[in-house]
Amino acid sequence: MNGAVESPAAVKAETHGDAAASKAKILLVDDEPKSLFALQELLSTLGENLMIAQSGEEALRLALKNDFAVILLDVRMPGMDGFETAKMIRGRERSRATPIIFLTAAADEMTSMFRGYEVGAVDYLMKPVVPEILKSKVAVFVELHRKSERLRESEEKLRRLAAHLISVREEERAHIAREIHDELGQVLTGLKMEVTWLAKRLHEQPLLEKTDSMCKLIDSTVQTVRKIATGLRPEMLDDMGLVAAIGWQAKEFQKRTGIRCRAKLPSEGTKLDIDVSTTAFRIFQEILTNVARHSRATRVDIELEVGGDQVRLDVADNGVGIAETELNGKKSLGLLGMHERALLFGGEVSISGAPGHGTRVSVVIPTRNRT
Ligand SMILES: Nc1ncnc2c1ncn2[C@@H]1O[C@H](COP(=O)(O)OP(=O)(O)OP(=O)(O)O)[C@@H](O)[C@H]1O
Ligand SMILES: [Mg+2]
């Protein structure tokens, strides 16, 4: 037989698109049409999307394309029997955790099967099934399925929200950095010209000393403004790209902390997407902040590779080493932020550390196929 025989309920649900989305899918597998019909009748009151298969092979095909809340599986079937079918279903990524209820005529069949292989979320019912028991078991699995769907949805929403916040924050920083740099920069340059003009017309020493100190104040304010703007968003990243920005940040870090930085950087070349560059750069900054704050390292080795389809950044310090418990600590928001940023681009961050042997953070971000 080609494909599954779909119940009227299933066909109806599929033609109604969105309405079907809220219905849980339940797969009924039995080689006997009569048994299938009886199961359908019994479960139709649940109002879910019932799908049927008359063989293990059909069941497997359907399990590849659908996420079932639960699968009701007849044990005795010609060809691939229920146990084999279950094993195969469990072997597939998509249906690895799908709950299965075996329908069996003999209790000892089940005992041998449970011994046979690992049985997560598996249940069984003796035939003839007691309608109320079957219905309530199925209802429990459907409820469980709904809850995990909801959980997945809310996780997805939170992730989208985090992505939005990250990008809004980045835009805002870039905007403020530009405003500060341009607006304040212009005013300060104007002020300096005015004071210089004034100084040229003054002849009394105390007044000249005043204008001189004013000029110095203006110069140091210009420096501060530059520092604030760069702290918000380094121009280097936009103008010269990731490689230059990482090199610059490493030098700054060494200057500021006294921790020796060795950076192995690729020769410039590949032009990266600015969002990918920003992500890698921000993760790098977070790594360095952690090194300065927690590692007590004296040396950091940085390696950046920009390949055809990915950016790889490796930062190793020779400090105290991050503890295993810190990796997933509830308070580790910095680390969580790194993971989330990378995840937004389908990348990942792996961190390893051994007490006394330093910490290594490896970041991989694909430059294509953004998720
Ligand atoms: N390079 C490192 N060497 C040793 N320990 C580290 C290192 N990086 C992180 N840690 C440990 O991991 C913990 C979690 O780091 P995380 O960046 O998430 O948080 P934080 O730096 O304490 O605070 P923030 O949320 O401000 O970043 C740190 O508190 C620290 O104990
Ligand atoms: Mg941190």
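Helices (H or I, at least four residues) and strands (E, at least two) are DSSP runs, numbered from the N terminus. With that in hand, you can find Arg 92 in the loop between helix H5 (82-91) and strand E4 (100-104). Before we go on, know that this is a predicted model, where local features need pLDDT of at least 70, side-chain atom pairs count only at pLDDT 80 or more, and totals for chains, interfaces and linings use all residues. Residues are numbered from 1 along each chain as its sequence is written, while chains are lettered from A and ligands numbered from 1 in the order in which they are written.

Let's stay with Arg 92 for a moment. Is it buried or exposed? A residue is called buried if 20 or more other C-beta atoms lie within 10 Å of its own, exposed if 12 or fewer, and partly exposed in between, with C-beta atoms placed from the backbone. Arg 92 counts as exposed because it has 12 C-beta neighbours inside 10 Å. Leave out residues up to four places away in sequence, and Arg 92 touches Ala 63 and Leu 64; touching, or being in contact, means that the C-beta atoms, placed from the backbone, lie within 7 Å. Leu 64 is 28 residues from Arg 92 in sequence, yet the two sit 7.6 Å apart in space, C-alpha to C-alpha.

Now zoom out. The protein has 371 residues, and 28% of them count as buried. Its secondary structure comes to 13 helices and 10 strands. Take the contacts with a separation of 6 or more: 68% of them are between residues 24 or more positions apart.

Time to meet a sheet. Two strands pair if DSSP finds at least two bridges between them. Five strands, in the order E2-E1-E3-E4-E5, make an open sheet with parallel pairing. Strand E2 (49-53) and strand E5 (122-126) stand at the edges with a single partner strand each, so one side of each has no neighbour in the sheet. From one strand to the next, the twist averages 20°; angles like this run from 0 to 180 degrees between N-to-C directions, and the axes are lines fitted to C-alpha atoms, for helices over the stretch in contact.

Look at strand E1 (residues 25-29), which has partners in both E2 and E3. It runs parallel to strand E3 (residues 68-74), and 5 bridges join the two; there, Leu 27 has Ile 71 of E3 as its bridge partner. E1 also pairs with E2 in the parallel sense, over 5 bridges, and Leu 28 is matched with Ile 52 of E2. E2 itself is largely enclosed by the rest of the structure, because 5 of its 5 residues are buried. Asn 49, Met 51 and Ala 53 point one way from E2, Leu 50 and Ile 52 point the other way, and all are buried. Our earlier helix H5 lies across E1, E3 and E4, and runs at about 155° to E3.

Next comes another open sheet, this one of 5 strands with mixed pairing, in the order E6-E7-E8-E10-E9. Strand E6 (260-264) and E9 are the edge strands, each pairing on one side only. The twist here averages 10° from one strand to the next. Helix H10 (residues 242-257) lies across E6 and strand E7 (299-306), and its direction is at about 165° to E6.

Which way do the side chains of strand E10 (residues 359-366) point? They alternate: Thr 359, Val 361, Val 363 and Ile 365 face one side and are buried, while Arg 360, Ser 362, Val 364 and Pro 366 face the other and are not. E10 pairs antiparallel with strand E8 (residues 310-317) over 7 bridges, and in that pairing Ala 316 has Arg 360 as its partner. E10 also runs antiparallel to strand E9 (residues 348-353), with 6 bridges joining them. The hairpin of E9 and E10 has 5 residues between the strands, and Gly 356 takes a positive phi near 85° there.

Finally, visit ligand 1. It is surrounded by 16 residues, the closest being Asn 290, Ser 295, Glu 326, Ser 332 and Gly 334; a residue is near a molecule if its C-beta atom, placed from the backbone, lies within 6 Å of it. Helix H11 (274-295) and helix H13 (333-344) are the elements that give two or more residues to this shell, and H11 gives the most, with 5 residues.

Notes
Two residues are in contact if their C-beta atoms, placed from the backbone, lie within 7 Å.
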